[in-house]
Amino acid sequence: MTTEWMGVIVTYGITVLLAIPLGKFLANVFKDEPNAFDFMKPLERLIYRLGGIDPSREMNWKENLVALLTINALWLIYAFVLLLTQGSLPLNPDGNPSQTPDLAFNTAISFLINCNLQHYSGESGVTYLTQLGVLMFLQFVSAATGIAAAVLLFRSFMPKPVETVGNFYVLFVKSITRVLLPFSLVIAMILAFNGTPASFDGKDTLVTMQGDTVGVSRGPAAGFIAIKHLGTNGGGWFGANSAHPLENPNYLTNMVEMIAQVVIPIAMIFALGFFINRKRFAWVIYAVMTVGLLMLLVPTILTELGGNPAIAHLGIGQPTGAMEGKEVRFGPLASAYWSIVTTVISTGSVNSMHDSSMAMSGTMELLGMMVNAFYGGVGAGLLNFYYFLIIAVFISGLMVGRTPELFGRKVEAREIKIASIVALLSAFLVKGGTALAAWFFIHYGDASWAVKPSAWLNNPGFHGFTEMLYEMTSSNANNGSGFEGLGDNNFFWNYATGIVLIMGRYIPIIGPVAIAGLLARKKYVPESAGTLPVDTPTFGLMIFAVIFIITALSFFPALTLGPLAEYFSLK
Amino acid sequence: MKSHIGPAIRLTVVMLVLLAVIYPLVVAGIAKLAPGGGKGETVTVNGKVVGYKLIGQKFTEDRYFNSRPSAVEYNAAGSAGSNKGPSNPDYLKSVQARIDTFLVHNPGVQKDAIPAELVTASGSGLDPDLSPAGAKIQIARIARVRSLSAERLNQLVDDHTEGPLLGLFGPAKVNVLALNVALDQLK
């Protein structure tokens with residue numbers, strides 16, 4: 001057991017030790033200061049030339065948003081068309097069929113927005129062409145979109161009043177050439193040399209020692225799995241995601257994948273500090289987020305190590321902890337750690353099946369996604385944190401009777417309205433969506449969809465409700481993990497979650513970037529004795545309280561009906 | 001909006017070439033140097049491929065070390081866990097049935113000595129490993145069926161136990177396929 005604790009503690013330690021210099025590096029990259037990857041400049045110039053982009057052109061926040069949304073819309077159409085026709089396109093050695101329109105809609109959106117909810121299984125639902133040309137491509141560009149949006153936000157914190165906040169295309173290209181592509185290559189190599197397949201060979205068939213004939217799905221998976229984690233995308237090459245022994249062969253690759261998915265989100269926090277030259281502020285954000293992480297992580301680990309009380313009643317030993325849905329080579333402790341980091345940030349990859357997690361762990365996984373701002377996904381976490389920050393600044397301003405201001409700019413009605421709408425929207429989408437699903441389940445159990453509503457749930461009672469709640473929460477948080485027992489490949493879930501996915505992604509990007517753009521235009525008032533300092537532990541506590549209260553008020557009733565009820569009934 | 005459509009299309013094409021063509025080909029090229037050449041490492045007995053090193057197999061016969069229950073019967077054309085929740089009554093009944101079966105095949109074993117992994121399904125349905133305890137509790141049965149001494153089998157399990165990474169991180173485990181291949185070669 002000691003070695004399992006060590007594994008997790010060291011994994012987190014390495015993550016933070018890498019994130020600090022990486023944050024400095026990211027700040028240099030986006031400030032255009034000399035950095036280790038300047039040798040990429042010729043490649044970048046080539047990309048700008050071929051892409052018809054003028055890298056020196058500064059744009060205001062509206063232009064940047066239009067650029068971001070236009071290219072995203074193009075990717076959506078491209079992905080949708082390819083997924084619909086993949087069955088008759090090349091690079092399909094296993095002869096997999098084209099996706100149905102509802103599934104293609106869901107898959108295209110979910111990869112476009114960095115969520116990677118998968119209502120198909122990688123072995124049978126996509127081809128090598130769409131795995132690489134659609135899904136992996138989107139894993140890169142959606143992560144780069146998130147990073148670019150976060151950097152646009154950073155610029156608004158700068159002291160000078162500025163109309164222009166940078167160039168989306170440049171930030172986007174640099175995110176890929178200097179961060180995502182080179183680092184993915186390194187991770188892909190580590191995976192390939194530990195046993196993850198990387199060749200284009202199709203499915204193999206063999207006869208086992210006991211005489212069963214079985215298939216073995218393969219394919220160029222190593223590069224895909226690298227960006228899946230580095231970009232906090234989370235969509236697996238194989239159906240079982242990183243629980244699959246080819247997708248995550250051993251404890252070393254497990255550590256590498258756990259580090260890869262957390263390192264950029266943490267580095268972005270430090271990058272903010274270096275970028276606007278407020279390192280103390282970055283540490284306050286980091287501390288708030290880390291306390292949040294630990295509050296979710298510790299109960300989960302302890303619950304999983306304790307095993308399933310219902311199985312304990314059957315009289316067998318659970319020396320390693322709860323094992324349903326978990327792999328021996330990782331053990332319950334590393335699986336518990338993974339299940340929380342993957343939901344706290346927006347990766348959504350899994351190395352154990354969350355549907356079989358203990359009830360308390362399920363609660364914590366859900367909370368991680370409901371808050372969605374403790375580290376958060378690549379870029380998106382800071383964007384979410386930003387509106388909590390705005391609300392905290394506003395409330396503290398009212399409490400001390402001063403005009404609320406953030407970095408020398410007044411926070412006024414318009415900004416606080418946008419922040420509140422974004423904050424309330426997620427509760428509306430999650431609970432509204434779950435309520436709608438429950439309504440169909442009860443009243444239209446026989447609807448003639450690919451999976452009848454009455455057959456949606458893989459588990460009865462409170463746990464079944466949690467399966468639906470989890471799916472909507474995961475969609476809204478752009479997370480992509482699931483209680484996978486849910487029969488989700490059908491008309492209702494494909495479209496309903498598709499819509500929640502779009503709203504859950506673009507509104508939290510548009511909102512903070514718009515606020516930042518509005519703030520950046522305001523007159524800069526130098527900080528004085530009357531300014532509320534935001535880089536103190538007191539203010540950190542204030543942000544934490546805001547996050548806690550908003551989340552608790554929004555989601556506690558839903559949690560009570562699902563995982564909490566299961567927890568108290570399981571004795 | 002309009003002025004952004006041209007760059008959007010052109011940038012997308014450039015990025016597709018870089019990310020979806022060049023990158024995976026480079027990875028596949030370098031992976032040719034890896035064990036198994038990037039195709040997955042296989043296990044061969046007498047010149048015949050009997051499995052993949054990392055993929056678990058169904059072992060239910062008494063003469064082999066049994067592997068864990070699997071939601072996909074260890075057919076790696078797919079992969080999945082059971083996704084059964086901890087309080088599901090049907091699920092608990094099937095766990096009870098697995099315990100009963102295990103006790104029938106392994107008389108003399110105390111119920112509370114059965115480690116949970118032997119009666120629960122893994123996340124992938126392809127888990128290649130058991131904990132050392134999960135293998136050792138089956139030794140008495142195999143010794144009886146194969147007329148081998150328990151000491152030799154104990155030694156065999158110890159020889160095939162992989163300790164934590166660098167001796168420091170993670171759990172110890174035994175690869176069931178490698179263990180059973182070696183078991184067949186014991187004389």
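How are helices H15(A) and H18(A) oriented to each other? In this predicted model, the axes of H15(A), which covers residues 413-443 of chain A, and H18(A) come within 10 Å and cross at roughly 15 degrees. Angles under 35 degrees count as roughly parallel, and H15(A) and H18(A) are therefore roughly parallel to each other. Their crossing is left-handed. On the side of H15(A), the contact involves A:Ser426, A:Ala427, A:Val430 and A:Lys431, which meet A:Ser554, A:Phe555 and A:Ala558 of H18(A). By class, the residues of this contact divide into four nonpolar, two polar and one charged.

H18(A) itself departs from a straight course. Although this helix, residues 537-569 of chain A, has 33 residues, its end C-alpha atoms are only 39 Å apart, short of the 48 Å that a straight helix would reach at 1.5 Å a residue. A bend of about 60 degrees is found in H18(A) at A:Leu559, and a proline, A:Pro563, follows within four residues.

Helix H1 of chain A, residues 2-31, offers another case for the same kind of check. At 1.5 Å a residue its 30 residues should span 44 Å, and the end C-alpha atoms are 43 Å apart, which agrees. Just after H1(A), A:Asp32 takes a positive phi of about 65 degrees.

Contacts between the two chains can be described in similar terms, beginning with H3(A). This helix, residues 61-85 of chain A, packs with helix H1 of chain B, residues 2-31, at an angle of about 55 degrees, the axes being 9 Å apart. That angle makes H3(A) oblique to H1(B), and H3(A) passes H1(B) in a right-handed crossing. From H3(A), the contact is made by A:Glu63, A:Val66, A:Ala67, A:Thr70, A:Ile71, A:Leu74, A:Trp75 and A:Tyr78, while H1(B) contributes B:His4, B:Ile5, B:Ala8, B:Ile9, B:Leu11, B:Thr12 and B:Leu16. The residues of this contact comprise 11 nonpolar, three polar and one charged.

H1(B) also meets helix H2 of chain A, residues 41-51, and here the axes come within 8 Å and cross at roughly 135 degrees. H2(A) is therefore oblique to H1(B). In this contact, A:Ile47, A:Arg49, A:Leu50 and A:Gly51 of H2(A) meet B:Pro7, B:Arg10, B:Leu11, B:Val14, B:Met15 and B:Leu18 of H1(B), and the residues fall into seven nonpolar, one polar and two charged. B:Leu11 is thus named both in the contact with H3(A) and in the contact with H2(A).

Technical notes:
Residues are numbered from 1 along each chain as its sequence is written. Chains are lettered from A and ligands numbered from 1 in the order in which they are written. This is a predicted model: local features need pLDDT of at least 70, side-chain atom pairs count only at pLDDT 80 or more; totals for chains, interfaces and linings use all residues. Side-chain values use heavy atoms; hydrogens and water are left out. The expected span of a helix is 1.5 Å times one less than its number of residues. The bend at a residue is the angle between axes fitted to the seven residues ending there and the seven starting there. Axes are lines fitted to C-alpha atoms, for helices over the stretch in contact, and angles run from 0 to 180 degrees between N-to-C directions. Angles under 35 degrees count as roughly parallel, over 145 as roughly antiparallel, 65 to 115 as roughly perpendicular and the rest as oblique. A crossing is left-handed if the near helix is turned anticlockwise from the far one by less than a right angle, and right-handed if clockwise. Contact means heavy atoms within 4.5 Å. Ala, Val, Leu, Ile, Met, Phe, Trp, Tyr, Cys and Pro count as nonpolar, Asp, Glu, Lys and Arg as charged, and the others, Gly among them, as polar.
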